[in-house]
Every structure is written in C-alpha cells, then in structure tokens.
Amino acid sequence: MTYFRALDPFPLESADHTTLHEFYTRLGAGTLTTTKCRGCGRSAWPPRGFCAECGAAAFDWVDLASEGTVHAFTVQETGLPAGFEAPRVFAIVKVDGHRVFTVLTGAEPAALRVGQRVRLAPLRVADDPKGNPRWLPAFEVV
Ligand SMILES: [Zn+2]
C-alpha cells in the first residue's frame with residue numbers, strides 16, 4: 001500500500017522521524033513528559049529539541065503531573081476529518097504551569113467548565129506507516 005503523508009493527520013513519532021520520539025514512547029506508557037534544557041534549566045511546552053531561551057540543544061525529560069485543569073475549551077461539531085467523532089472538545093489544560101493544547105475525551109460539552117479537573121488519558125490514533133502505535137496527549141474529565 002502506498003503511504004501518502006499529506007493524508008496522514010498525525011505526527012510521525014518514531015526515532016526515524018523525530019528527536020523527540022521518547023515523548024511519544026512515554027506518552028504511550030501513560031506519562032506526560034516534556035523537555036528541560038540542560039543549559040538554562042527551563043522546561044518547555046511543547047517539548048523541544050533545542051531551547052528557545054538559550055539555544056542549547058541538550059535536554060532532559062521531565063515528567064509532568066497526570067492531572068490538570070481546563071484553562072479554555074471549544075467544541076467542534078462539524079468539519080472534522082474522516083474517522084473523528086463529533087462533537088470534538090479541544091482544550092487548553094494547565095499542567096504544572098504549562099498550557100497544553102489537547103483533546104478532551106468523553107466530555108459532555110454543556111457540562112464542561114473552566115477550572116474543571118482533568119486527568120491524562122493518552123489517545124491511541126492510527127499506527128504509523130510501519131505499523132508502530134502512535135499516541136496523542138488527551139485528557140478526560142475526573
Ligand atoms: Zn535553555
């Protein structure tokens with residue numbers, strides 16, 4: 001089967017494609033992590049292969065909390081790509097001082113509120129072209 005990158009909405013997460021592959025490996029194991037610069041000590045979101053503050057390209061992985069709070073959200077009812085169920089709730093979740101753009105799964109849009117506590121629930125999406133599992137950060141209402 002021919003693989004068309006333009007038709008694949010998900011990141012290529014393997015070590016062949018990104019220096020940040022460990023983020024996805026850890027996410028698949030149930031832990032949200034990010035990068036912390038070895039040069040200046042700042043942690044970034046999203047994870048970065050180099051530091052936007054000091055330019056260093058060396059980093060360590062640090063675990064983030066498995067729970068956060070909804071900072072903002074929106075609901076998409078139509079126009080979703082094939083395979084995505086509506087309504088889709090997109091949110092910015094505050095986790096350890098970072099604002100994580102994410103999907104809320106199983107959320108009832110009318111009942112959702114800013115400040116709502118949510119828990120990490122990584123979302124397995126389509127496998128990559130080589131059959132490796134892929135994961136995206138997602139949260140669920142506590
Ligand atoms: Zn730095």
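**Exercises: a strand and its neighbours**

In S10, Leu104 has Phe139 as its bridge partner. The model is predicted. Work from this residue pair outwards.

**Exercise 1.** Find which strands S10 is joined to, and in what sense each pair runs.

*Solution.*
- Step 1. Take strand S6, residues 98-105, and strand S10, residues 138-141. Three bridges join S6 to S10, and the two run parallel. The Leu104–Phe139 partnership involves S10.
- Step 2. Turn to strand S7, residues 117-120. Three bridges join S7 to S10 as well, but this pair runs antiparallel.
- Step 3. Look for the partner of Leu120 in S10: Phe139. Phe139 is thus a bridge partner of Leu104 and of Leu120.

**Exercise 2.** Determine how S5 and S6 pair, and name the partner of Phe90 in S6.

*Solution.*
- Step 1. Strand S5 covers residues 88-95.
- Step 2. Seven bridges link S5 with S6, in the antiparallel sense.
- Step 3. Phe90 has Val103 as its bridge partner in S6.

**Exercise 3.** Put the strands in order and state what they form.

*Solution.*
- Step 1. The order is S4-S5-S6-S10-S7.
- Step 2. These five strands form a closed barrel with mixed pairing. Neighbouring strands of this sheet are turned against each other by 50° on average, direction ignored.
- Step 3. Check the mix: S6 and S10 are parallel, whereas S7 and S10 are antiparallel.

**Exercise 4.** Which element has the highest mean pLDDT, and which the lowest?

*Solution.*
- Step 1. Start with the whole protein: the average pLDDT is 93, and 99% of the residues score at least 70.
- Step 2. Among the elements, S7 has the highest mean, 98. Strand S8, residues 123-125, has the lowest, 91.

Conventions. Residues are numbered from 1 along each chain as its sequence is written. This is a predicted model: local features need pLDDT of at least 70, side-chain atom pairs count only at pLDDT 80 or more; totals for chains, interfaces and linings use all residues. Two strands pair if DSSP finds at least two bridges between them. Helices (H or I, at least four residues) and strands (E, at least two) are DSSP runs, numbered from the N terminus. pLDDT is the predictor's confidence in each residue, from 0 to 100. Axes are lines fitted to C-alpha atoms, for helices over the stretch in contact, and angles run from 0 to 180 degrees between N-to-C directions.
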